[in-house]
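The exercises below are meant to be worked with the sequence and the model side by side. Try each task before reading the solution that follows it.

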Amino acid sequence: MSMQKTRTDADAAADPLLAVDGLKKHFDQSNGILDRLAGDDATVKAVDGVDLTVREGETLAVVGESGCGKSTLGRTILNLEDATAGSVRYRGEELADKSDGEMRPYRRDLQMIFQDPLAALNPRQTVGEILTAPMEVHDIGADDDDRLERAKDLLERVGLKPGHVDRYPNQFSGGQQQRVGIARALSLEPELIIADEPVSALDVSVQAQILNLLDELQDDLGLSLVFIAHNLSVVRHVADRVAVMYLGEIVETAPVDELFENPRHPYTRSLLSAVPRIDPDDRDERIILEGTVPSPMDPPSGCRFHTRCPVVIPPDDWTGTEEEFRDAFAFRNHVLSAELDREAAKDRLRAEGRGTDEGSVAAYLVEQLLPRDPGDLPTEAADAVRAAADELAAGNRESAETVVSEAFPSPCERETPESVAAAPDHVAACHRVGD
């Protein structure tokens with residue numbers, strides 16, 4: 001099997017191997033139940049304007065919570081999903097508008113490793129057939145015997161035995177199945193592999209083996225990798241750069257050491273705070289994000305993270321402290337997300353043996369939805385909290401939403417942040433970065 005080109009200084013300085021600009025993938029749900037729930041616009045904005053580059057020989061990790069669009073991004077880059085908008089250029093060639101037939105020559109250079117190895121392998125084929133079928137399609141190898149020898153070499157390269165060519169996928173452990181999946185991706189001698197959470201379904205000890213294997217293969221073959229993961233601790237020792245994704249958008253991109261030492265986006269900081277550290281002095285205080293991830297069918301305005309951000313910015317005319325504003329803003333978000341309504345409040349008050357008149361309900365809503373006593377807030381803010389609670393207790397949800405929206409605005413929810421350079425090769429889309 002021929003070896004890939006080794007990366008040179010000239011390669012590193014040249015155009016990126018892969019360039020993604022403004023990539024979007026929206027899923028139309030207009031014919032399903034979700035449409036009736038969501039109203040007229042029932043579009044899931046899974047990937048919504050992503051920019052990233054992959055250089056020759058590097059590993060770019062894409063990290064974020066489950067459901068943020070990472071896997072869809074990987075599939076859309078490889079044209080396994082049709083892009084809604086945007087550009088994907090591989091060695092300067094546009095891929096996003098190509099048909100399945102037009103993509104065929106590029107499939108040899110661009111491969112994918114899937115999250116669930118068993119589901120990605122044909123249970124009716126032997127490992128030998130799984131590895132040689134792509135070679136035959138792309139006319140690799142002189143004949144069947146040559147392709148079989150190549151398959152055996154691949155198995156050895158990924159830490160399996162040549163004799164395993166006659167086994168079926170269900171005869172292997174999960175870690176061995178993923179090694180077969182890696183061997184299949186390597187069978188066409190690609191330049192770029194997108195690995196979609198390749199270790200998330202494996203035990204921790206097996207994860208380390210697979211990560212080390214990918215690292216070795218990259219060094220030996222000069223591969224470029226897009227490594228998709230939801231756990232930052234997994235990527236620390238395998239990635240060159242990291243792109244952090246939230247609700248369909250990339251919010252921060254930086255070299256891996258720079259990101260771990262100097263994260264600039266609040267979402268990145270929260271992810272890093274969950275990474276286990278051996279040295280007690282090196283542990284950050286855990287940042288617990290409030291609220292749930294908003295729906296990609298109706299993402300928040302402005303910065304999409306503002307509904308959960310622990311450092312949301314107060315307006316210029318706010319007279320209290322930033323901590324006081326964040327508590328008031330949290331009350332606002334609780335009201336807008338309808339987390340606790342009048343009837344639910346009454347049920348809880350009855351269960352506690354308390355009164356259920358409107359005044360009691362309003363006081364209970366403030367108690368549950370505001371993290372501090374309203375008297376601690378500036379007078380106008382406290383009045384707005386009580387007014388919104390009164391409207392909720394009276395069953396006037398729209399009026400309550402209007403009160404909190406007008407009383408507690410933030411530039412974070414009104415203005416979309418641009419990606420700003422925080423350091424060389426380090427950008428973050430946050431209003432607190434730059435000017």
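Residues 24 or more positions apart account for 67% of the contacts in the protein with a separation of 6 or more, a contact being heavy atoms within 4.5 Å. This is a predicted model, in which local features need pLDDT of at least 70 and side-chain atom pairs count only at pLDDT 80 or more, while totals for chains, interfaces and linings use all residues. Residues are numbered from 1 along each chain as its sequence is written, and side-chain values use heavy atoms, with hydrogens and water left out.

**Exercise 1. Describe the overall make-up of the protein.**

Step 1: begin with the secondary structure, which comes to 18 helices and 12 strands; helices (H or I, at least four residues) and strands (E, at least two) are DSSP runs, numbered from the N terminus.

Step 2: turn to burial, where 48% of the 435 residues are buried, buried meaning under 20% relative accessible area, exposed over 50% and partly exposed in between, with a 1.4 Å probe and protein chains only.

Step 3: add the extent, since the C-alpha atoms fill a box of roughly 85 × 45 × 45 Å along the principal axes.

**Exercise 2. Find the residues with the most contacts inside the largest nonpolar core.**

Step 1: recall that a nonpolar core is a set of buried Ala, Val, Leu, Ile, Met, Phe, Trp, Tyr and Cys residues joined through side-chain atoms within 4.5 Å.

Step 2: the largest such core has 90 residues, and those with the most contacts inside it are Ile-182, Leu-186, Leu-232, Val-235, Val-242 and Phe-408. Helix 16 (residues 379-393) gives the most to this core, with 8 residues.

Step 3: a second, separate core has 28 residues, including Val-62, Leu-73, Leu-192 and Ile-194.

Step 4: return to Ile-182, which, leaving aside its neighbours within four places in sequence, is in contact with Ile-113, Val-158, Ile-210, Leu-213, Leu-214 and Leu-217.

**Exercise 3. Work out which strands stand at the edges of the open sheet of 4 strands.**

Step 1: the order of the strands is 2-1-4-5, and the pairing is antiparallel; two strands pair if DSSP finds at least two bridges between them.

Step 2: strand 2 (43-54) and strand 5 (93-94) each have a single partner strand, so one side of each is left without a neighbour in the sheet.

Step 3: inspect one pairing in detail, for strand 1 (residues 18-28) is joined to strand 2 by 9 bridges, and His-26 has Lys-45 in strand 2 as its bridge partner.

Step 4: move to strand 4 (residues 85-90), where Ala-85 is found. Ala-85 counts as partly exposed because its relative accessibility is 31%, and, not counting residues up to four places away in sequence, Ala-85 touches Gly-22, Leu-23 and Lys-24.

**Exercise 4. Are the two faces of strand 6 covered or open?**

Step 1: on one side of strand 6 (residues 110-113) lie Leu-110 and Met-112, on the other Gln-111 and Ile-113, and all are buried, which leaves both faces covered.

Step 2: strand 6 pairs with strand 7 (residues 192-196) in the parallel sense over 4 bridges, and Leu-110 stands opposite Leu-192 in strand 7.

**Exercise 5. Establish what the buried residues of helix 12 pack against.**

Step 1: in helix 12 (residues 266-273), 7 of the 8 residues are buried, namely Pro-266, Tyr-267, Thr-268, Ser-270, Leu-271, Leu-272 and Ser-273.

Step 2: these buried residues pack against helix 10 (232-235), strand 9 (241-246), strand 10 (249-255) and helix 11 (256-261).
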